[in-house]
Amino acid sequence: MHIFPQLRKLERKYASELTVIGVHSAKFPNEKEKENLYNAVKRYELEHPVVNDAEFQVWQQYACRAWPTMMFIDPQGKVIGKHEGELNYEDMDRLLGEMVAEFDNAGLLERRELEHSAEAESDTPLSFPGKVLADEAGKRLFIADSNHNRIVVATLGGTVTHVIGSGQEGLVDGDFGSAQFNHPQGMALAGEVLYVADTENHALRRVALAAGNVATIAGNGNQGRRRSGKEPGESTELISPWDLVFHDNSVYIAMAGCHQLWVMDMQTGMIGPYAGTGAESISDGALAEVTLAQPSGITTDGHRLYFADSETSAIRSAELDPKGRVRTIVGLGLFEFGDRDGEGHHVRLQHPLGITMKDGALYITDSYNHKIKLIMPVPRSSTTLLGTGSAGYVDGGPEMAAFSEPAGLSIAGGKLFIADTNNHAIRVADMDTWEVTTLDIEWPA
């Protein structure tokens with residue numbers, strides 16, 4: 001999913017020469033189900049057909065070994081190249097340009113677009129909201145309305161007060177009405193400044209709430225190459241920042257695309273890796289030596305960072321001391337997942353995306369299990385709070401409430417606010433009774 005923005009630009013540039021066919025060889029059981037894949041295609045706004053390779057038949061026929069794998073096929077149907085892993089836009093653009101010139105000269109190109117069409121989507125007030133941030137002191141709710149490319153600001157009761165972003169996909173600074181985002185996700189609040197992980201722009205944005213404007217403080221719209229060292233934010237290329245937390249005048253970033261945690265010092269503007277080598281795996285140890293796997297949610301208690309390490313279906317912690325360590329609370333590996341409560345190595349999650357903390361307890365969205373769970377760092381335990389284990393859209397008590405791939409959550413006023421992503425809704429759970437309702441969002445006339 002981290003190459004989709006770059007791939008989309010190439011599909012549009014080479015619309016008459018390039019045909020893209022996606023082959024979805026799912027790792028997680030939840031991803032194999034047709035309806036969940038259909039939602040993913042809509043969520044990532046894919047413009048090409050996608051095959052559900054649930055039994056890995058196509059994967060095996062093309063001898064794939066890694067996600068993603070790109071196979072290059074010439075106009076005569078021959079495989080002429082293979083690339084495993086991410087490939088940035090500039091490299092792929094150059095490669096495709098050379099291929100187009102070669103096959104054009106040979107008279108092999110037939111400039112006819114592949115005929116296919118997607119079902120028309122009905123518009124909803126929110127579209128695949130990815131993250132939500134509740135501000136207890138200011139009694140505000142910030143919603144990453146991801147597929148509408150904007151941030152919605154509302155009261156905790158759901159009355160919309162501001163909309164940040166025009167709704168157009170882009171990387172444009174300016175006032176609330178003219179600024180543009182590209183599928184924003186996580187947010188962090190520091191007083192009257194809101195920081196936004198502008199995921200598909202590979203950028204970090206700063207929203208001055210009182211002044212009513214948006215500025216880019218890191219990233220330039222390009223997916224970066226993995227790098228070490230620290231440098232000013234504007235000259236640094238990020239890779240799919242997914243969630244943020246603010247602590248001690250710094251923003252800590254769950255940088256999903258390069259399997260690291262990063263940090264940006266708001267005083268100096270310096271930004272760079274905080275934890276993780278960049279390799280995709282799960283290992284504990286010193287911050288600079290550990291391996292992570294698509295961290296997609298992050299929170300803190302002021303002493304440690306806690307993060308959802310999605311591809312390893314793990315919940316992990318990183319000390320805020322730069323000489324500290326990373327430890328795994330629950331989770332075992334890239335291919336160890338499921339739906340099992342308990343303690344220690346017995347616990348299984350399935351691709352958790354959201355995490356928040358209150359009174360020493362971690363609340364997570366166990367996204368591919370369609371559940372909300374409670375994780376206790378000691379004794380490393382997991383308990384299901386909400387969700388049936390199947391995708392659904394049902395309000396009510398904890399035994400019946402249903403969600404569909406919830407991706408974010410936040411706490412304020414004794415309520416747990418949940419970004420119920422595939423249901424295009426914000427759900428609210430009373431933390432005394434665990435009764436779930438859907439937030440009725442009231443838009444200005």
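**Notebook: aromatic pairs, core and backbone outliers**

I counted the aromatic pairs in this predicted model, and by the rule applied the count comes to ten. I began with W59 and W67, whose ring centres lie 4.8 Å apart with the planes at 40°, so I entered the pair as tilted. I then looked up the accessibility of both partners. W59 is buried, its relative accessible area being 15%, whereas W67 is partly exposed at 41%.

Next I examined Y195 and F246. They form an aromatic pair of the stacked kind, with 6.0 Å from centre to centre and 5° between the planes. I located Y195 in strand β11 and F246 in strand β15 (residues 241–247), so this pair ties together parts that are 51 residues apart in sequence. Y195 is buried, with a relative accessible area of 6%. F246 is partly exposed, and I noted 26% for its relative accessible area.

I also recorded a cluster. F56, W59, W67 and F335 form one aromatic cluster, and the tilted pair of W59 and W67 belongs to this group.

**Charges over rings**

I checked for charged ends placed over rings and noted two cases, K9 and R205. The charged end of K9 sits over the ring of Y89, at 4.5 Å from the ring centre. For R205, the charged end sits over the ring of F181, and the distance to the centre is 4.8 Å.

**Nonpolar core**

Which residues have the most contacts inside the largest nonpolar core? I found L204, L244 and I253 in that role, in a core of 18 residues. Strands β10 (187–190), β11 (193–198), β13 (213–218), β16 (250–255) and β17 (260–265) each supply at least two of its residues. The largest share, three residues, comes from β16.

I followed L244 further and listed its contacts, leaving aside residues up to four places away in sequence. L244 touches G186, M187, A188, Y195, V196, A197, L204, V251, Y252, I253 and I298. Two of these, L204 and I253, are named with L244 as having the most contacts inside the core. Y195 is also on the contact list of L244, and I had already met Y195 as the stacked partner of F246.

**Cis peptide bonds**

I looked up the cis peptide bonds and entered two. One joins W67 and P68, with omega at about -10°. P68 is found in the loop between α4 (57–61) and β3 (69–73). W67, on the other side of this bond, is the residue in the tilted pair with W59. The other cis bond joins V378 and P379, with omega at about 20°. I placed P379 in the loop between β27 (371–376) and β28 (381–386).

**Positive phi values**

Which residue in the loop between β15 and β16 did I inspect? It was N249, which has a positive phi of about 65° although it is not a glycine. N249 is partly exposed, at 31% relative accessible area.

H424, likewise a residue other than glycine, has a positive phi near 55°. I found H424 in the loop between β30 (415–420) and β31 (425–430). Its relative accessible area of 22% makes H424 partly exposed.

**A contact across the sequence**

Last, I turned to E113 in the loop between α5 (89–105) and β5 (132–135). Is E113 buried or exposed? I recorded E113 as exposed, with a relative accessible area of 52%. The C-alpha atoms of E113 and S16 are separated by 5.9 Å, while the two residues are 97 residues apart along the chain.

Methods:
Residues are numbered from 1 along each chain as its sequence is written. This is a predicted model: local features need pLDDT of at least 70, side-chain atom pairs count only at pLDDT 80 or more; totals for chains, interfaces and linings use all residues. Side-chain values use heavy atoms; hydrogens and water are left out. A nonpolar core is a set of buried Ala, Val, Leu, Ile, Met, Phe, Trp, Tyr and Cys residues joined through side-chain atoms within 4.5 Å. Buried means under 20% relative accessible area, exposed over 50%, partly exposed in between (1.4 Å probe, protein chains only). Helices (H or I, at least four residues) and strands (E, at least two) are DSSP runs, numbered from the N terminus. Contact means heavy atoms within 4.5 Å. Rings of Phe, Tyr and Trp (its six-membered ring) pair if their centres lie within 6.5 Å; planes under 30 degrees apart count as stacked, over 60 as edge-to-face and the rest as tilted. A charge sits over a ring if NZ of Lys or CZ of Arg is within 6 Å of the ring centre and within 35 degrees of the ring normal.
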